[in-house]
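Please open the structure in your viewer and set the side chains to be drawn as sticks, since the tour moves from one selection to the next.

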Amino acid sequence: MTQIVVLPHVELCPDGAVLEGTPGESICNTLLANDIYIEHACEQSCACTTCHVIVREGFNSLNEAEEEEEDLLDKAWGLEPQSRLSCQALVGETPLVIEIPRYTINMAREGKHE
């Protein structure tokens, strides 16, 4: 098991959390399994950015992002060099520190403005 520290998020995890993740499992599934209900509007099909996380420690231990994920991340609110879509980032053997951005861009809920 791999330790995952989740930094406090005002709505999803106000006190922060320390979780145990299974190597090979996505960060998103690990958060959901531990009652941290991160948005995942596309049901983890790599079609939105609502499950965006910033990996503060352990970023290089994750699987490499595919081009599709990189393209989507360009649209994420609060993009940083250590940003990943949690549905695509697989837990490795190295402990992680995760920050869930305060906001997401949820086109399914907010809709497009024309």
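Begin by selecting E69 and R84, which form a salt bridge whose closest N and O atoms are 2.8 Å apart. This pair links distant parts of the chain, with E69 in helix α2 and R84 in strand β4, 15 residues apart, and both E69 and R84 are buried. Keep in mind throughout that the model is a predicted one.

The structure holds 3 salt bridges, so the next selection should be R56 together with E80, a salt bridge in which the closest N and O atoms lie 2.7 Å apart. Because R56 lies in strand β3 (residues 52-57) and E80 in the loop between α2 (67-73) and β4 (83-85), the pair ties together parts that are 24 residues apart in sequence.

Leave R56 selected and add E99, with which R56 also forms a salt bridge, the closest N and O atoms being 2.7 Å apart. Here too distant parts of the chain are linked, R56 being in strand β3 and E99 in strand β5, 43 residues apart. Salt bridges that share partners thus join R56, E80 and E99 into one network. On accessibility, R56 is partly exposed at 35%, E80 is partly exposed at 28%, and E99 is partly exposed at 24%.

Finally, turn to the surface and select W77, Y103 and I105, which make a nonpolar patch of about 290 Å². Within that selection, I105 sits in the loop between β5 (96-99) and α3 (107-110), and I105 is partly exposed, with a relative accessible area of 31%.

Notes: Residues numbered from 1 in each chain as written. Predicted model: local features only at pLDDT ≥ 70, side-chain atom pairs only at ≥ 80, totals over all residues. Heavy atoms only, no water. Patch = residues over 30% accessible without salt bridge, like charges linked within 9 Å, V, L, I, M, F, W, Y side chains within 5 Å. Areas by Shrake-Rupley, 256 points an atom, 1.4 Å probe, with all protein chains shown as cover. Salt bridge = Lys/Arg side-chain N within 4 Å of Asp/Glu carboxyl O. Helix = DSSP H or I, 4+ residues; strand = E, 2+ residues; numbered from the N terminus. Buried < 20%, exposed > 50% of the residue type's maximum accessible area, 1.4 Å probe, protein only.
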